[in-house]
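Biologist: Can you take me through the ligand site and any internal holes in this one? Put the structure up and we can start.

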Amino acid sequence: MMEKTDIKSLDFLALQAEIERIGEKKFRAKQMYEWMHKHLVRSFDEMTNLSAAFREKCKNEYEFTALTLLREQESKIDGTKKFLFQLADGNVVESVWMKYKHGNSVCISSQVGCRMGCKFCASTIGGLVRNLKPSEMLDQIYAITRLTGERVSNVVVMGTGEPLDNYDNLLVFIRMLTDENGLHISQRNITVSTCGLVPKMYALAEERLQITLALSLHATTDEKRQKLMPIANKYSIDELMPACKNYADLTGRRITFEYSMVKGVNDSQEDLRELTELARPLGCHVNLIPVNPIKERDFVAPDMQYVYSFKEKLEKNKVKVTVRREMGRDIDGACGQLRRRHMEE
Ligand code: SAH
């Protein structure tokens, strides 16, 4: 049997072409796009201004993705919610909803599992299962919007997976998320986080998008970085920094360095000096994340007082820095922990 076209992964122009191909009027594409990506319906039957005959034709012709909610956890500390969703093929992904004063933010997964192997990360333990399709990335945001009844204003691609390892689908996803016929989220409110796939960082810069690129740096020398992140064996810091500079130059957007602090591994005063030297020339914003311990590894975070003194010293060195608020630690907040627990059970 031929696989059906995944209609929710077609961007607006592709949907128009497809609708014309099956002999329907072009304006139907706009109606359908709005049903799927603005009104967030979960089936063709909800598209009430299409004829019954046309809806039947669509059901035969297309796959219509939707997620099944398996589990929802709400943090008693800060209202953060974690969702575990099942995909059509039975795989599960997790997404996080965070409420801030300036709006609601959703953190989505870009792959089922991950093949990058970062030592402190729970998402990578079972390896990569498969890429998520554009529709499946969008569906996480759509399902959460429906479940919370609140508008999402910011999207961060920082859940399970390496987004630049799923590059083509990521770009379609961004195009669709920012489309005026859909949720119309501003590019400036989207952040993509990468462990540092250098060639893909150059490719992304060429797209001239206004999204924020975050680099998971986590260590300031290749030797130290290799102990935490296998990808550091492939791309050196001497290759990463020019890739960051190029992104900033071509897009005018400031890069963020993510720096997960691990006690006794990357939190020395020497690390602080080296981090300053990497961040300052690029005008990078540093986001310090006290490492969230996972039970499979024995990494621990420095105490918070130390983290804040590290922050203050970076500020004295004229580096822009924030400490990531610890959202939802009481609900398996760290990347991939909820999915792992589900799989173990
Ligand atoms: N693959 C992408 C995005 C996913 S991870 C990347 O590497 O950037 C999002 C961020 O959380 C990354 O900076 C990652 O290194 C970090 N992270 C993962 N597990 C963590 C943990 N247990 N504690 C602290 N940070 C973690």
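Modeller: The shell around the ligand consists of 9 nonpolar, 8 polar and 2 charged residues. Here Ala, Val, Leu, Ile, Met, Phe, Trp, Tyr, Cys and Pro count as nonpolar, Asp, Glu, Lys and Arg as charged, and the others, Gly among them, as polar. This is a predicted model: local features need pLDDT of at least 70, side-chain atom pairs count only at pLDDT 80 or more, and totals for chains, interfaces and linings use all residues. Residues are numbered from 1 along each chain as its sequence is written, and side-chain values use heavy atoms, with hydrogens and water left out.

Biologist: How many residues surround the ligand, and which are the closest?

Modeller: There are 19 (a residue counts if one of its heavy atoms lies within 4 Å). The closest are Ser193, Ser216, His218, Ser260 and Asn292.

Biologist: What does the side chain of Ser216 do there?

Modeller: An N or O atom of the Ser216 side chain is 2.6 Å from a ligand oxygen. That is a polar contact, a pair of N or O atoms within 3.5 Å.

Biologist: And which polar backbone atom is 2.8 Å from a ligand nitrogen?

Modeller: One belonging to Asn292. Of the ligand's 530 Å² of accessible area on its own, the protein covers 94% (Shrake-Rupley method, 1.4 Å probe).

Biologist: Switching topic, how many cavities of 30 Å³ or more are there?

Modeller: The structure has 1, a cavity being a set of points on a 1 Å grid over the protein atoms alone where a 1.4 Å probe fits but cannot get out. Its volume is about 70 Å³, taken as the space filled by probe spheres set on the points, which are joined across faces, edges and corners.

Biologist: What lines the largest cavity?

Modeller: Its lining (residues with an atom within 4 Å of a point) includes Lys8, Arg42, Asp139 and Arg146. The lining divides into 6 nonpolar, no polar and 4 charged residues.

Methods
Polar contact = N/O pair within 3.5 Å; in protein donor to acceptor, adjacent residues only side chain to side chain. 1 Å grid on protein atoms, 1.4 Å probe; cavity = no way out; pocket = protein on both sides within 12 Å on 5 of 7 lines; lining within 4 Å.
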